[in-house]
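Here is a walk through one protein chain, written for someone who would rather look at residues than read tables. Keep the viewer open and click along as you read.

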Amino acid sequence: MPIKKTNEKVDINKRRIINGEDADVIQLYPMKHKFAWDAYLAGNANHWLPTEIGMQKDIEQWKSTSVLSEDERKALKTVLGFFTTADSIAANNVALAFYKHISSPECRMYILRQSYEEAIHTHAYQYIVESLALDEGEIFNMYREVEAIYNKDNFILSFNEGIFNPNFKTGTLENDQKFLENMIVFSIILEGIFFYSSFAVMFGFQRQNKMVGSAEQIQYIMRDESQHLNFGINMINTIKEEQPELWTKEFQEKMIKLIKRGAELEITFAQEVFPKGIFGMNSENFRQYIEHIADRRLQRIGLPEQYNTPNPFPWMSEAIDLSKEKNFFETRVTEYKVGGALDW
Ligand code: FE
């Protein structure tokens with residue numbers, strides 16, 4: 001839309017996450033959605049690169065025949081199989097759907113940062129695959145071959161279809177609800193649920209002092225991802241305030257159903273990929289864990305808890321609380337210190 005030549009200043013009250021009236025997406029100030037700016041600054045402070053993390057010990061352990069069991073090798077490869085494509089799906093959603101339709105310049109600012117972080121995550125998986133000399137064709141194609149991964153990815157992608165259509169526009173009740181639905185599926189289910197049994201497995205490795213370089217990569221990713229989730233939740237809750245007409249009883253019930261469906265897909269993934277359990281986490285524990293985090297996500301966007309299941313992995317609990325505490329992974333010993341070292 002062409003800009004209007006005028007001395008009139010932008011009215012901050014007209015700024016909206018979506019559908020900002022006369023949305024001026026160029027002026028950062030005056031700022032309305034402060035949470036986005038805070039997220040942007042936090043993202044910069046947490047900057048890291050995969051190549052800064054030592055992988056030598058992982059390479060030795062992977063080559064050795066006495067460190068990792070067959071189940072552990074399979075688990076590592078399968079979580080990588082999920083991760084390698086999940087962040088590409090995330091990047092597409094953020095860059096192609098969020099960036100286009102979000103009318104708050106400060107939110108767009110963070111979306112640019114988030115897009116780069118998704119690229120760093122995909123780089124991290126590539127770096128692990130390369131360091132361990134895994135078969136790239138096997139790992140990167142798993143989302144098409146392993147049914148439990150395929151089902152998760154396909155579920156997410158099915159919600160992109162309408163939003164990615166070049167003719168899609170926000171501004172009607174139906175389309176705004178569709179966009180909000182995409183946001184909830186993306187932030188709450190993909191970023192908030194679908195990564196978490198894989199995160200738990202990687203911290204399982206770390207707790208055994210195995211594949212600690214790979215686990216450290218994932219630890220950095222998890223810190224970024226919890227910021228992405230936090231940002232997504234803030235946007236969802238702000239849209240609810242700015243356009244309360246979208247948040248109907250019917251829409252809420254639909255969202256609860258979708259989140260429960262997402263939790264089921266993640267539970268099935270964990271149970272199929274780790275049928276005998278791993279590092280003392282059995283398939284019932286994974287169910288409990290996923291139900292527990294699904295409840296937390298529901299709660300954060302003002303929907304009722306569905307499971308009331310206690311957390312079987314208390315050592316993961318600080319992560320799902322999006323804790324800002326320092327030394328968050330107590331077992332971690334590192335001298336790694338750059339601008340983005342792991343201070344929460
Ligand atoms: Fe993300």
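Let's start with E138, which is partly exposed because its relative accessibility comes out at 32%. One thing to keep in mind from the outset is that this is a predicted model. The partner to look for is K77: the two residues form a salt bridge, with their closest N and O atoms 3.7 Å apart. K77 sits in helix α3 (residues 70-101) and E138 in helix α5 (residues 136-140), so this pair links distant parts of the chain, 61 residues apart. K77 is partly exposed too, with a relative accessible area of 24%.

Side chains of opposite charge can pair when their charged atoms come close. How many salt bridges does the count come to? The count is 10. Let's look at a few others.

Click on K32 next. K32 forms a salt bridge with E242, and the closest N and O atoms are 3.4 Å apart. K32 belongs to the segment before α1 (34-45), while E242 is in helix α11 (residues 212-242), so the bridge ties together parts that lie 210 residues apart in sequence. As for how accessible the two partners are, K32 counts as partly exposed, at 31% relative accessibility. E242 counts as buried, at 18%, because the cut-off for buried is under 20% relative accessible area.

Now find K152 and E266, whose side chains meet in a salt bridge at 2.6 Å, N to O. This is another pair that links distant parts of the chain: K152 is in helix α7 (residues 147-158) and E266 in helix α12 (residues 249-273), 114 residues apart. Are these two buried or exposed? Both K152 and E266 are buried. There is also a network to pick out, in which E264, R287 and E291 are joined by salt bridges that share partners.

While you are in the segment before α1, have a look at P30, which is placed there. The peptide bond leading from Y29 to P30 is cis, with omega near 0 degrees.

Time to move from side-chain pairs to helix pairs. Two packed helices are described by the angle between their axes and the distance between the axes. Take helix α4 (residues 105-131) and α11: their axes come within 10 Å and cross at roughly 155 degrees. α4 and α11 are therefore roughly antiparallel to each other, since angles over 145 degrees count that way. The crossing of α4 past α11 is left-handed.

Which residues make this contact? On the α4 side they include C107, Y110, I111, Q114 and H121, and on the α11 side the residues met include S214, I218, I221, H228, F231 and M235. Sorted by class, the contact of α4 with α11 has 11 nonpolar, six polar and four charged residues. Among the residues of this contact are E117 and E118 in α4, and D224 and E225 in α11.

Compare that with helix α9 (residues 173-194) and helix α13 (residues 283-300), whose axes come within 10 Å and cross at roughly 140 degrees. α9 and α13 are therefore oblique to each other. The crossing of α9 and α13 is right-handed. Here I188, G192 and I193 from α9 meet I290, I293, A294 and R297 from α13. By class, that contact has five nonpolar, one polar and one charged residues.

Last stop: the loops. M211 lies in the loop between α10 (196-207) and α11. Its backbone is worth a click, as M211 has a positive phi of about 50 degrees although it is not a glycine. M211 counts as buried, at 0% relative accessibility. One residue that touches M211 is Q61, which lies in helix α2 (residues 56-63). Q61 is buried as well, with a relative accessible area of 10%. Leaving aside residues up to four places away in sequence, Q61 also touches V67, L68, R73, N209 and K210.

For the other positive phi, go to the loop between α12 and α13, where F279 lies. F279 has a phi of about 50 degrees, and F279 is not a glycine either.

Terms used. Residues numbered from 1 in each chain as written. Predicted model: local features only at pLDDT ≥ 70, side-chain atom pairs only at ≥ 80, totals over all residues. Heavy atoms only, no water. Salt bridge = Lys/Arg side-chain N within 4 Å of Asp/Glu carboxyl O. Helix = DSSP H or I, 4+ residues; strand = E, 2+ residues; numbered from the N terminus. Buried < 20%, exposed > 50% of the residue type's maximum accessible area, 1.4 Å probe, protein only. Axes fitted to C-alpha atoms, helices over the stretch in contact; angles between N-to-C directions. Parallel < 35°, antiparallel > 145°, perpendicular 65-115°, else oblique. Left-handed = near helix turned anticlockwise from the far one by under 90°. Contact = heavy atoms within 4.5 Å. Nonpolar A, V, L, I, M, F, W, Y, C, P; charged D, E, K, R; others polar.
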